[in-house]
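User: I've just opened this structure and I'm new to it. Could you walk me through it, one question at a time?

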Amino acid sequence: MKTTRSVKKFHQKLHLWYAVHGRRDLPWRNTADSYAIYISEVMLQQTQVKTVLERFYSPFLEKFPTLQALADAPRDAVVKAWEGLGYYSRAANLHDAAMRAAPSLPVEVEDLQALPGIGRNTAHAVAAFAHHAPVPVMEANVKRVVCRIFAIKSPKTDDLWEKAFQLLDDENPFDYNQAMMDIGATVCLKRAPKCGECPANEICEGKLNPEAYPEKVQKKAVPTRSSRAMALMDAAGKIHLTQREGKFLNGLYGFVQIPLETNHFFIENRRINLAETAVVSFVTQVYSHFRSEAEIRFIKLDWAGESAEWYTPAEIAELALSGVDHKIWLEIRRFLAEL
Ligand code: SF4
């Protein structure tokens, strides 16, 4: 347990460090708009700062400048704007949360956490950065810093939050939390942390063997799932795509995928025989919990699709496709160009 005095000294050093080395020019650190802060927090959950900054943050806010604008937007437009960020349930949750909370996000942590997709860390971040609430942020990098400062090998969530509150500078939670995130991202690195440059050096109990904290968890080998992706072109030259439902790739459009052992399937009550299709190419995609391998098959049909699931190439360009479906579509276009 740290003494109040040593923690106070740590705060002074941390703020001095942040004033010189902090990434203070990030746009979400220069606004008090809780909506913009919320968007940045959700984007940063699985994506690096550089990528969010260069490709996603400003375009998203230009399309949906307020929580109300996001709530009023069609789901497809929100998912399309999220295209490339992955973890599409986050886009659906953002939209659901906006529809519940518009015109503005709640201020209190408990009320924020009651919204879809907002966990404790995101609620704390919005409250601390938009309203200077005295609560700690604990994304992955900060978690590592806290584990090392307290020499915790196997962190338990409640203990970590308790430790995070012990360290918090509740007089300046904005700078404190931003600085802790920056320390985690640039100093207390997973491998070879720069302890000599770290403002937490004096209070850090893990600095003699930092890489021992937290203990590495053995990752399970990810399974491979094999399938066939079916590219169907109807008599009018339109391509068949379905919109996915459920948690995985929710809301995104993609090609029908069928098991490898299948030799026929039905679309609009018409039988499609695999023997009549051409193998175009193969694609692979690695997700967090499995690896996907798909054989791409193409068939030009002699009938026109009747449902709304047939799209011209120009229409496909406006739809949100998952990473693997983008790859498949690229292979199909190459194949068609060579015909
Ligand atoms: S002293 Fe080293 S291990 Fe401790 S928080 Fe700083 S960088 Fe991490």
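**A first tour**

User: Let's begin with aromatic rings: which residues form one aromatic cluster with Phe60?
Analyst: Before we start, keep in mind that this is a predicted model. The cluster with Phe60 also takes in two other residues. They are Phe64 and Trp82.

User: How many aromatic pairs does a search of the whole structure find?
Analyst: The search covers the whole structure, and the count of aromatic pairs is 9. One of them is made by Trp303 and Trp310, with 5.8 Å from centre to centre and 80 degrees between the planes. Still, the number you asked for is 9.

User: Is the pair of Trp303 and Trp310 stacked or edge-to-face?
Analyst: A pair of rings is described by the distance of the centres and the angle of the planes. For Trp303 and Trp310 the planes are 80 degrees apart, and anything over 60 goes by one name. Both residues are buried, too. The pair is edge-to-face.

User: Which residue has its charged end over the ring of Phe290?
Analyst: There are a couple of arginines to look at here. Arg120 lies over the face of Trp161, at 4.3 Å from the ring centre, so that isn't the one, because a charge has to sit over the ring in question to count. Over Phe290, 3.9 Å from the ring centre, sits the charged end of Arg225.

User: How many helices and strands does the chain have?
Analyst: For scale, the C-alpha atoms fill a box of roughly 80 × 45 × 30 Å along the principal axes. The chain has 339 residues, and 48% of them count as buried. Its secondary structure comes to 13 helices and 10 strands.

User: Which strand runs parallel to E1?
Analyst: E1 spans residues 224–233, and 7 of its 10 residues are buried. It is joined to E5 (residues 256–258) by 3 bridges, but those two run antiparallel, with Ala229 opposite Gln257. On the parallel side there are 10 bridges, and Thr224 stands opposite Arg291. That partner is E9.

User: Which residues make up the covered face of E6?
Analyst: E6 covers residues 264–267 and has two faces. His264 and Phe266 are on the uncovered one. The covered face is made by Phe265 and Ile267.

User: Which residue takes a positive phi in the hairpin of E6 and E7?
Analyst: E6 and E7 (residues 270–273) pair in the antiparallel sense over 4 bridges, and Phe265 stands opposite Ile272. Between the strands of the hairpin there are 2 residues. The one with a positive phi, near 50 degrees, is Glu268.

User: Which element gives the largest share of the lining of the largest pocket?
Analyst: About 1500 Å³ of space lies in that pocket. Its lining has 45 residues, and among those nearest its centre are Glu139, Asn141 and Lys190. Several helices give two or more residues, including H2, H3 and H8. The largest share, 6 residues, comes from H9.

User: How many charged residues are in the lining of the largest pocket?
Analyst: Sorted by class, this lining includes 17 nonpolar and 12 polar residues. The charged ones number 16.

User: How much space lies in the second largest pocket?
Analyst: This pocket is lined by 20 residues, with Gly86, Tyr87, Phe248, Leu249 and Tyr287 nearest its centre. H6, E8 and H13 each give two or more residues to the lining. By class, the lining has 8 nonpolar, 9 polar and 3 charged residues. The space comes to about 450 Å³.

User: Which residues are closest to the centre of the largest cavity?
Analyst: The search of the whole structure finds 1 cavity of 30 Å³ or more, and about 120 Å³ of space lies in the largest cavity. Its lining has 10 nonpolar, 2 polar and 3 charged residues. Of the 15 lining residues, the closest to the centre are Cys188, Cys195, Cys198, Cys204 and Lys207.

User: Why does Asn93 count as partly exposed?
Analyst: Asn93 lies in helix H6. Buried means under 20% and exposed means over 50%, so a value in between counts as partly exposed. Asn93 gets that label because its relative accessibility is 27%.

Key:
Residues are numbered from 1 along each chain as its sequence is written. This is a predicted model: local features need pLDDT of at least 70, side-chain atom pairs count only at pLDDT 80 or more; totals for chains, interfaces and linings use all residues. Side-chain values use heavy atoms; hydrogens and water are left out. Rings of Phe, Tyr and Trp (its six-membered ring) pair if their centres lie within 6.5 Å; planes under 30 degrees apart count as stacked, over 60 as edge-to-face and the rest as tilted. Buried means under 20% relative accessible area, exposed over 50%, partly exposed in between (1.4 Å probe, protein chains only). A charge sits over a ring if NZ of Lys or CZ of Arg is within 6 Å of the ring centre and within 35 degrees of the ring normal. On a 1 Å grid over the protein atoms alone, a cavity is a set of points where a 1.4 Å probe fits but cannot get out, and a pocket is an open set with protein on both sides within 12 Å along at least five of seven lines; lining residues have an atom within 4 Å of a point. Grid points are joined across faces, edges and corners, and a volume is the space filled by probe spheres set on the points. Ala, Val, Leu, Ile, Met, Phe, Trp, Tyr, Cys and Pro count as nonpolar, Asp, Glu, Lys and Arg as charged, and the others, Gly among them, as polar. Two strands pair if DSSP finds at least two bridges between them.
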